Each structure stands twice: as structure tokens, then as C-alpha cells.
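Trainee: Please give me a close look at one helix crossing. Then follow the chain outward from there.

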Amino acid sequence: IKYPHDYAPTLWSENCDEKFDFIVVGAGSAGAIVASRLSEITDWKILLLEAGDDPPESSEIPLKWSLALKTKYDWQFVSEKEDNLFKGLLDERCHVPRGRMMGGSSSMNVMLHIRGTKIDFDTWESQGCTGWNFDSVLPYFIKSENFTDSTRYDPKYHGKDGPLTLSPFVAPDPAIETISQAAELMGVTNVKDLNKLDRTVGYAMADSTTKNGLRCSSLKAYLMPISERPNLFVAKNTKVTRILIENKRAYGVEFLTSNDELKTINSTLEVILSAGVIMSPQILMASGIGPADHLNEMKVDVVADLPVGHNYQDHVAFFGLVLSDRKDRPIEEIVKESQQLRKETFELIPKGISTMGLTGLLSFIDTKRKCSNPDIEIMKIRYSYNTTKEMKTFRTMFGFSDKMANVFDELNMKSDIILMIPILNVIVNTGRVYLSSADPKGTPKILSNYLSDDTEMDILLDGIEFIMEMCKTKPMTDAGFAFEEIKYPNCDTECEYGTREYWKCAIKHLATSIFHSVGTNKMGAVDDKSSVVDPTLKVKGFENIRVIDSSVMPTLVTCNTNAATMMIGEKGADLIKAQYEKCD
Ligand SMILES: Cc1cc2nc3c(=O)[nH]c(=O)nc-3n(C[C@H](O)[C@H](O)[C@H](O)COP(=O)(O)OP(=O)(O)OC[C@H]3O[C@@H](n4cnc5c(N)ncnc54)[C@H](O)[C@@H]3O)c2cc1C
């Protein structure tokens with residue numbers, strides 16, 4: 001592996017007086033793409049600034065994805081406490097991991113590659129995001145792709161010439177067949193390709209951002225192949241604190257070196273923020289662009305009054321539906337079979353086959369049977385017998401408190417366990433990202449505001465009931481999968497197990513983020529007071545500051561967010577090229 005050369009030592013040196021045409025802040029899912037595409041124009045000089053370093057070696061192996069969580073490769077954001085949420089989580093806060101490394105969150109995510117539906121993007125257009133309907137964004141999904149499964153390749157909706165290699169997830173887990181049969185009995189059919197034009201509801205093994213069985217992040221797909229490009233400069237461990245602005249024009253950025261020294265660097269054309277859903281709003285607000293009342297309160301000089309940090313949206317998931325896998329068998333048999341399945345799964349990697357085990361099997365359901373967008377996504381994860389305690393799985397992956405993690409670890413000491421996770425796709429009330437102080441080096445505050453609307457709660461409860469019903473079908477009971485009741489303080493004494501009241505109580509303990517936060521620099525029409533950027537992704541009122549990352553999504557796509565973010569990177573770069581008449 002040869003990562004891009006680090007320009008930081010030159011950038012940080014006393015005599016660096018270079019000027020760049022574009023400064024891109026953040027080498028994540030979107031930022032790496034923006035920098036790569038802009039540097040295709042040979043007479044432009046691009047500086048890409050990334051707060052983190054190169055990713056750890058373990059990030060290469062999909063099955064080891066979680067090893068980067070809660071390490072220096074993770075920003076380790078946490079939310080504020082909330083009265084009715086997070087009671088089973090560490091410090092009663094929701095943990096919001098984000099990749100702090102080259103490739104950003106695409107270097108630590110689960111690699112599931114799902115685009116979103118036609119309805120998702122047509123909704124963006126109808127909300128004032130001209131040029132972002134499904135037909136307009138589809139070419140960018142296709143442009144990015146190197147779709148490797150020839151049996152499903154169709155040029156109408158897949159690409160072969162893009163940098164991002166997509167491979168189907170494969171797994172030897174027999175639960176895939178069992179759960180698929182149960183899904184069929186529940187009226188959910190196998191759509192075989194979750195990125196088909198007409199996919200709304202259905203189940204399938206997902207495609208993944210992997211190549212030859214290994215992770216294909218935005219770093220590997222877009223930056224490593226062009227490491228030698230002479231007009232692209234990549235500085236690592238360089239944390240941007242503010243945009244330098246004069247007369248509503250950006251002329252550079254202020255940044256922090258790894259020795260905590262503040263320095264500046266100039267740009268001639270544009271500053272582009274791709275620092276993600278938490279840090280892009282933090283940088284804007286620290287630069288004086290944000291809600292005036294909040295900036296005044298924080299004693300930051302107001303440069304522009306815009307609703308930065310509002311519209312925080314995420315997929316909240318419930319983690320309390322746990323199945324044991326035939327736990328009444330002799331322990332020797334449980335151990336032997338579990339180890340064998342684990343071995344077979346890991347053996348796929350050296351064969352160049354991509355696997356995340358059972359996690360690759362996704363279902364999208366429409367609990368109201370309205371034949372519209374899916375309102376619940378269901379993810380399934382198998383944990384091999386007696387592995388989660390040692391790996392601290394539930395603490396690191398989902399931020400469980402020690403007490404709650406112990407409950408799951410004990411179940412895992414009896415047999416393999418399977419988590420059936422309903423993920424809520426409908427968002428009514430949004431949260432917010434705030435500054436915690438005027439200090440541009442500070443860490444922002446996050447208010448999730450999850451499930452504060454009755455409709456949201458009702459749909460999540462419908463999702464739980466759907467899974468409960470699905471798990472009572474013959475294939476599931478024949479396979480010996482059995483629900484394990486988790487004891488939550490007060491829930492079983494105050495409500496009868498399995499009732500909606502009971503699940504509502506359980507949700508207070510174990511509903512949390514499944515890592516899809518977006519929306520804090522909302523895109524919309526210029527006259528839309530709730531938007532921060534216009535449909536060309538320029539911060540409203542500023543000719544040369546753009547935001548190009550997941551924070552611009554006006555509404556959350558009804559699936560995992562990486563593919564849509566990468567599309568935003570591709571389209572964002574093209575919008576810039578078009579403005580300067582540099583299109584192919
Ligand atoms: C654990 C996890 C699992 C996930 N799994 C999936 C999945 O399987 N499928 C899916 O579709 N989505 C998944 N997601 C979500 C998806 O990865 C994100 O939506 C997407 O990566 C967001 O891209 P982004 O470009 O907005 O931000 P990021 O990719 O987070 O990039 C932001 C970059 O900016 C850098 N940065 C931030 N602040 C500064 C600063 N001040 N100065 C310089 N650099 C800075 C960061 O270090 C980072 O590299 C997952 C996310 C996580 C965290």
C-alpha cells in the first residue's frame with residue numbers, strides 16, 4: 001500500500017508562501033473525490049487538508065471494520081444527554097463515530113453501498129434542490145462505479161469505468177437462507193440488486209465498496225491511483241480551524257499543526273469544506289457563518305446569519321432484538337460449529353471474496369404496505385460464540401454501557417447471537433450541532449432529538465413488531481433461533497413483555513445512531529430560509545465557499561449514506577468545473 005505523499009512538513013514550514021487555487025478541507029468520502037476530480041484540471045493547484053493520518057492496516061479487512069472505533073482514527077463525538085433516550089449507553093450519550101483519517105468515514109465504515117431510491121432524490125428536487133432529482137444524480141453514481149458482478153451488470157444503472165470498485169458481499173452463513181425464507185413469508189421479495197432503478201422495498205445481499213475482498217475507500221479509489229499527480233498536494237494531521245474571509249470572500253484557511261501551532265495558507269479561487277456532518281458546520285460557525293443568535297451567545301463575530309448546524313438527521317436503530325442460535329445444544333457442538341463458520345467466513349478474504357458475514361443481508365420494508373419508500377431497513381449481525389466480551393464489541397461498536405454490554409456478552413457465552421436491527425427511515429423532528437465555545441479548536445455539541453415525534457416512534461415500533469412476527473415464522477423456529485428477553489430497568493415491571501409500551505420502554509435504553517448523520521448544512525433554494533447552501537453547493541451569500549459532503553443532504557436518504565455522499569462529491573466537483581468552463 002502506498003499512501004499519498006504528505007505535504008504537511010512543507011506546508012507547516014516557516015517559509016511556505018505557496019498559494020493554491022482550491023483548498024479542500026477533509027479527505028473523507030466526498031473530499032477525496034472532490035480533490036481528485038478537481039486535480040484533473042492540470043492548470044489548477046489543489047491543496048487537500050486532512051486532520052487525520054493514513055488509516056490503520058486493519059481497516060483493509062472488512063470483518064475488522066470496528067477496530068478503528070474509539071481509537072485515534074475516530075473523532076469519537078458523543079451527543080448530549082436526552083431525557084427519554086440512551087439509558088443503556090455509556091454516560092447515557094449516543095456515540096457518533098466519524099473517521100479521522102485519509103478516506104474519512106469511508107475508511108472505517110461497514111462498506112454497504114446503497115444509493116437511495118428515486119423518491120429520495122426526487123424529494124430533494126421538490127424541496128428546491130434544482131438539478132438533484134434522481135435522473136440528474138444517476139449519471140454520477142454510474143460514473144463513480146466499477147461494478148464487478150457481471151451477472152447483474154446493466155449499463156442503464158451500473159458503471160464499469162469508475163474508480164470505486166463495487167463487489168457483492170458473500171457469506172457462508174446458513175442464517176442468510178433462513179432469514180430470506182422468513183422474509184419471503186412476510187411478503188418481502190429478493191430484489192437481487194439494491195441499487196436497481198426501481199428498487200424501493202425488498203431484500204438482497206448488498207454490494208460493497210470492496211476490491212478483491214479488501215476495503216475500497218475514497219482514499220484507495222480516488223487518491224492512491226493519482227498519488228503522483230503534480231498539482232495535488234495532500235497535507236495530513238492538519239486540522240482546519242477557520243476559513244479566512246474578507247468582504248464575503250474566502251482567501252484561505254487557518255489550521256492547526258500536530259504541534260498545536262496555528263498557521264494560515266491562502267487560496268485564490270475557492271475554499272471547499274468536506275469535513276463531514278459535524279466538523280463542516282463547526283468550521284463554518286467558528287468562521288462567523290451560522291445562526292446569529294447562537295454566534296452572539298458564543299461571542300463569535302457574525303459574518304452571515306445562516307441556519308448552520310440545524311437539520312441534523314440520522315437513522316436511529318433499536319439494538320434490543322437478540323436471537324440465540326440453538327443454545328440448548330451441547331457446548332462442544334456450539335463451539336465447533338461457531339468456530340467452523342467463523343473460519344469459513346475469514347477464509348473468503350485471501351480468495352479475494354468480499355464478506356461481512358450476515359451483515360451483508362439487508363431488507364428494506366414498508367410497514368404501512370403503501371408501496372412507497374421503505375420506512376424501515378433491517379440489518380442483521382451474527383456474533384460468534386464467546387467473542388464479544390473479549391473484543392468489547394458492544395461497548396466499541398454501539399457505545400453500550402458496561403452494564404448493558406455485560407447482558408449481551410453473557411448471552412454470547414451461551415451460543416452465537418444474531419442481532420436483528422430495525423432502522424428507522426422516517427424523520428420528522430431534526431436535531432442540531434452547536435458550537436461549545438468560541439474556541440475554533442473546540443468540539444461541537446450534538447443534540448440528536450431522536451424519536452421526539454410520535455410518528456417516528458410508531459414506525460420504529462412497527463418495525464420491531466415486523467421483526468418479531470418474522471422470527472415466529474417456520475423457517476426461523478425450525479432453525480432454532482429464539483428471542484432472548486433483555487431486562488431493562490423498570491420495563492418488565494411496568495409493562496407486559498412484547499407490548500408496544502414495553503418496546504417503547506426498551507427503546508429508551510437501546511435506541512441509538514447507526515452512523516448515518518447528515519443535513520447540518522442543508523441544501524435548498526436561495527430564498528429558502530432553512531437552507532445553508534444553494535444547489536451549486538455554495539454557502540449562500542458567498543461566491544467562493546462551498547460545502548461538499550454529507551452535511552448538505554436536505555433530507556436523509558432511506559438507506560446507508562456513503563453512496564449518496566460520494567455522488568455529492570462527484571457532482572459537486574462537476575459543478576465547480578462547469579462554473580469555470582472546465583468540463584470534459
Ligand atoms: C462506523 C461507521 C459505519 C458506517 N457504515 C456505513 C455503511 O456501511 N454504508 C454507508 O453507506 N454508510 C456508512 N456510514 C456512513 C458513511 O460512511 C458517511 O455518511 C460518509 O462517509 C460521510 O462522508 P463525508 O464526506 O460527509 O464525511 P467523512 O467521510 O467523515 O469525511 C470528513 C473528513 O474530514 C476530516 N476533517 C474533519 N474536520 C476536519 C478539520 N477541521 N480539518 C481537516 N480535516 C477535517 C475528517 O477527518 C474526515 O477525514 C458509516 C459511518 C460510520 C462512522
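Mentor: Helix α2 passes helix α17 in a right-handed crossing (the near helix is turned clockwise from the far one by less than a right angle; anticlockwise would be left-handed). This is a predicted model: local features need pLDDT of at least 70, side-chain atom pairs count only at pLDDT 80 or more, and totals for chains, interfaces and linings use all residues. Residues are numbered from 1 along each chain as its sequence is written.

α2 covers residues 31–38 and α17 covers 562–579. Helices here are DSSP runs (H or I, at least four residues), strands likewise (E, at least two), numbered from the N terminus. The two helices pack at an angle of about 30°, with axes 8 Å apart. Each axis is a line fitted to C-alpha atoms over the stretch in contact, and angles run from 0 to 180 degrees between N-to-C directions.

Which residues of α2 and α17 make the contact? From α2 come Ile33, Val34, Arg37 and Leu38. From α17 come Met566, Gly569, Glu570, Gly572, Ala573 and Ile576. Contact means C-beta atoms, placed from the backbone, within 7 Å. Six of these residues are nonpolar, two polar and two charged. Nonpolar means Ala, Val, Leu, Ile, Met, Phe, Trp, Tyr, Cys or Pro; charged means Asp, Glu, Lys or Arg; the others, Gly among them, are polar. An α-helix has 3.6 residues a turn, so residues three or four places apart point the same way.

Now take strand β2, residues 46–49. Both of its faces are covered. Ile46 and Leu48 are buried on one side, Leu47 and Leu49 on the other. Buried means 20 or more other C-beta atoms within 10 Å of the residue's own; 12 or fewer is exposed, and in between is partly exposed. In a regular strand the side chains alternate between the two faces of the sheet.

β2 has a partner: strand β1 (residues 19–25) pairs with β2 in the parallel sense over four bridges. To count as paired, two strands need at least two DSSP bridges. One bridge joins isoleucine 23 to leucine 47 of β2.

Move along to helix α12, residues 402–412. Its buried residues are Met404, Ala405, Val407, Phe408, Asp409 and Asn412. Their cover includes strands β18 (322–325), β20 (376–383) and β21 (417–424). Helices α10 (388–391) and α11 (393–398) also help to cover them.

Notes. Two residues are in contact if their C-beta atoms, placed from the backbone, lie within 7 Å.
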